[in-house]
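Look at the model below with its folds and its open spaces in mind. The report after it takes domains, sheets and pockets in turn.

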Amino acid sequence: MKLIDPIVRFHDELQQIRRDIHAHPELCYDERRTADLIAHKLTEWGIPILRGMGKTGVVGVIRNGDSPRAIGLRADMDALPMQEANTFSHTSRHAGCMHACGHDGHTAMLLGAARYLSQHRHFDGTVYLIFQPAEEVGAGAKRMMDDGLFSQCPMDAVFGMHNWPGLAVGTFGVTAGPMMASSNEFEVIVKGKGAHAAQPHKGIDPVMVAIQIAQGWQTIISRNKSPLDAGVLSVTQIHSGSATNVIPDEARLIGTVRTFRPEVLDLIESRMRAMAENMASAFDAQLEFKFERLYPALVNHPKETAIAVDVMQEIAGDAQVNAAVEPTMGAEDFAFMLQEKPGCYVFIGNGEGDHRSAGHGLGPCNLHNPSYDFNDALLPLGATYWVRLAERCLAPA
Ligand code: NI
């Protein structure tokens with residue numbers, strides 16, 4: 001492992017920063033303390049900052065030399081609305097709010113890189129350090145772009161990184177092309193006609209129609225799309241009724257659709273609508289169909305992925321980098337940035353959970369689990385990756 005010595009020497013302070021952020025988690029667009037802490041550290045290290053993009057977003061700007069070349073390195077800052085089960089000293093001080101996705105660690109790794117890059121300028125060009133809000137649900141990446149991220153900070157490529165439980169510490173995973181799925185939500189309201197449950201012939205039962213629709217939709221996945229294309233359709237909520245002896249007026253179906261390819265998403269959405277409308281009409285019910293596309297699929301660009309793989313291999317060793325990691329149907333709003341700029345998003349191994357102190361809560365060290373914790377052992381590795389990547393992309397001519 002070829003870690004950068006000054007970053008390794010800074011490990012204790014990075015860990016202290018990471019744990020401080022972990023203890024003070026903040027939700028979607030409310031990352032004020034976190035943003036202040038980042039701004040304070042960057043300023044302390046002499047790095048100019050831009051604030052206000054994406055409401056709480058912070059961008060550090062490190063320029064060196066005359067080259068117009070520039071890259072962006074991005075970390076996310078937000079936590080999740082869930083109760084932490086850990087009992088260690090840096091456990092969340094905010095009830096019902098927790099850093100269960102490791103964005104505390106992502107922020108700390110990028111801060112580690114920022115400090116080194118500002119003090120050892122072995123590059124020619126500009127590095128933008130992008131600390132974005134609201135990755136989990138608020139599309140903070142998109143909002144920073146809407147607020148002028150790429151016009152105020154023109155860059156040639158942009159890079160992201162997420163810790164990945166289950167991948168060993170010291171290893172990386174990435175793949176060119178689609179690596180994470182698009183995330184989309186639907187809500188369907190079946191409108192029937194309420195009646196006494198003992199006189200079903202006097203009403204139109206929306207519950208039966210909703211069940212038919214939910215069953216029928218699964219054939220879109222198994223019969224309509226090509227078996228070679230990935231796609232998930234999960235009905236996660238069915239709401240209807242309030243009494244055992246009343247046929248309700250309405251039933252609601254809510255859930256998520258995930259795909260890698262937009263063509264597959266178009267197919268699933270249109271088939272869902274057609275099937276639901278026709279099913280409702282077959283039963284004399286009416287239908288309201290809402291489908292919202294939230295995050296697009298995350299698609300890594302080949303050239304930037306090759307650079308990232310090369311840099312990771314140089315630091316961690318060839319065998320420690322899986323350059324054809326299995327994609328996930330999880331979603332990530334960094335996908336918006338990769339739609340506008342070339343770039344690459346990588347997974348950095350967070351281990352199996354051995355790093356957690358005794359007394360952690362039940363459950364594995366999975367993302368979004370109440371006993372999850374970011375593994376501090378990978379702080380210098382992640383920071384080293386950011387630095388070497390910047391030095392590679394902006395190598396002096
Ligand atoms: Ni995350």
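What follows describes the domains, then their sheets, then the pockets.

This is a predicted model, in which local features need pLDDT of at least 70, side-chain atom pairs count only at pLDDT 80 or more, and totals for chains, interfaces and linings use all residues. Residues are numbered from 1 along each chain as its sequence is written, and side-chain values use heavy atoms, with hydrogens and water left out.

**Domains**

The chain splits into domain 1 (5-181 + 297-393) and domain 2 (183-295). These bounds come from an automatic or database domain assignment. The two domain centres, taken over C-alpha atoms, are 38 Å apart. Domain 1 puts 19 residues into the contact, and domain 2 puts in nine residues. Contact here means heavy atoms within 4.5 Å.

**The eight-stranded sheet**

Helices (H or I, at least four residues) and strands (E, at least two) are DSSP runs, numbered from the N terminus. Two strands pair if DSSP finds at least two bridges between them.

One open sheet has eight strands in the order 1-2-4-3-5-16-6-15, with mixed pairing. Its edges are strand 1 (49-51) and strand 15 (321-322), each paired on one side only. Strand 3 (residues 70-76) runs parallel to strand 5, with four bridges between them. Within this pair, I71 faces A157 of strand 5.

Helix 3 (residues 32-44) packs on this sheet and touches strand 1, strand 2 (58-64) and strand 4 (125-132). The direction of helix 3 makes about 160° with that of strand 1. Axes are lines fitted to C-alpha atoms, for helices over the stretch in contact, and angles run from 0 to 180 degrees between N-to-C directions. Helix 9 (residues 302-316) lies across strand 5, strand 6 (172-173), strand 15 and strand 16 (343-351). Helix 9 runs at about 35° to strand 16.

**The four-stranded sheet**

Another open sheet has four strands, ordered 10-12-8-13, and its pairing is antiparallel. Strand 10 (231-240) and strand 13 are the edges, each pairing on one side only. Neighbouring strands are turned by 15° against each other on average, direction ignored. Strand 8 and strand 12 are antiparallel and share ten bridges. Here N184 stands opposite V257 of strand 12.

Helix 7 (residues 206-224) packs on this sheet, touching strand 8, strand 10, strand 12 and strand 13. Its direction makes about 175° with that of strand 10. Helix 8 also lies across strand 8, strand 10, strand 12 and strand 13, at about 165° to strand 13.

**Pockets**

A pocket is an open set of points on a 1 Å grid over the protein atoms alone, where a 1.4 Å probe fits, with protein on both sides within 12 Å along at least five of seven lines; lining residues have an atom within 4 Å of a point. Points are joined across faces, edges and corners, and a volume is the space filled by probe spheres set on them.

| Pocket | Volume | Lining | Nearest the centre |
|---|---|---|---|
| Largest | about 520 Å³ | 19 residues | E136, S183, R258, A331, H368 |
| Second largest | about 190 Å³ | 15 residues | S182, P262, P296, A297, Q339 |

Why does the largest pocket lie between domain 1 and domain 2? Both domains give residues to its lining, so it lies between them. The second largest pocket also lies between domain 1 and domain 2, because both line it.

Strand 5 (157-165), strand 8 (182-191), strand 12 (250-259) and strand 13 (286-295) each give the largest pocket at least two lining residues. For the second largest pocket, strand 8, helix 8 (262-282), strand 13 and helix 10 (334-340) each supply at least two. Strand 13 gives the largest share there, three residues.
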